[in-house]
Amino acid sequence: MTHAQKTRAADEAAAEETDTASDDAIAVTTDGLPAWLDPVARAARTVRARQLSRFLPPESGAGRQSAVLVLFGEGERGPELLLMERSGSLRSHAGQPSFPGGSLDPEDGDHTTTGPLRAALREAEEETGLDPDGVQIFGVLPRLYIPVSGFVVTPVLGWWRTPSPVAAVDPAETARVFTVPVADLTDPANRATAVHPSGHQGPAFLVESALVWGFTAGVIDRIVHYAGWERPWDRTKQVPLDWRA
């Protein structure tokens, strides 16, 4: 093979690798979002981690890298959010309502770039049967920390552009999958403060026969606040948790 042929072959191989990388790339775009999601997209561009939680990833880099999909859709009652209830047999956060999500796998890629995006979509598909091709990622919130389990969590914001059927895929992991109207999440009657026996307090939502609290409720609370959707609610209304929570 001549030098020119070798050069041409190398160029073609490089072009093929570029095309493959482009195919694997995950776009983050606000193009075509419904107008009601604009405040969430704006907040995602400016909010800082300390504005979302007092629990931030350790500076040492310790912690298990993970991601959740905060998926907004349009339901019969207007804007809604996809949640799931974790199986009661799981070792961590058993029985809790949560966003779909989980730990990053090696094939997801770098946790500082697009790894969390791939993980959020992959985990959502594995847990709920969601078709990731119908999801448009429009923002990524700063990484947060869950001290009790050691997870470093990246909340990935998605618009359910093309809805697909969802349900609990593996009962050993997921008890049920459900959607909650944003109107219910912002209704003051459905809001409360969860109180753990340890003394920790945090926001809670009583919706769809579920008590949403902990990390998931904290993220929802901050999104509702920074999107300008929050309505005055009774912060003295408390819901006690037990030691199993």
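Select Trp229 to begin: in this predicted model, Trp229 sits in the loop that runs between helix α6 (214-226) and strand β12 (238-240). With Trp229 still highlighted, add Val182 to the selection and draw the C-alpha to C-alpha distance, which comes to 9.1 Å although 47 residues separate the pair in sequence. Then display the contacts of Trp229 beyond its neighbours within four places in sequence, and you will find Trp36, Pro39, Val40, Phe72, Val182, Thr186 and Val224.

Move next to Asp221, which belongs to helix α6. Is Asp221 buried or exposed? Its relative accessible area is 7%, and because buried means under 20%, Asp221 counts as buried. Show the side chains here, since that of Asp221 makes a polar contact with the side chain of Arg222 at 2.9 Å. Once residues up to four places away in sequence are set aside, Asp221 touches Arg191, Pro203, Phe205 and Glu230, so that, with these four selected together with Asp221, the surroundings of this buried residue can be inspected directly.

For the last stop, select Ser66, a residue of strand β1, which covers residues 64-75. Ser66 has a relative accessibility of 4% and is therefore classed as buried. Which residues is Ser66 in contact with, leaving aside its neighbours within four places in sequence? Selecting them brings up Gly102, Ser103 and Leu104, together with Phe151, Val152, Val153 and Thr154.

Notes. Residues numbered from 1 in each chain as written. Predicted model: local features only at pLDDT ≥ 70, side-chain atom pairs only at ≥ 80, totals over all residues. Heavy atoms only, no water. Helix = DSSP H or I, 4+ residues; strand = E, 2+ residues; numbered from the N terminus. Contact = heavy atoms within 4.5 Å. Buried < 20%, exposed > 50% of the residue type's maximum accessible area, 1.4 Å probe, protein only. Polar contact = N/O pair within 3.5 Å; in protein donor to acceptor, adjacent residues only side chain to side chain.
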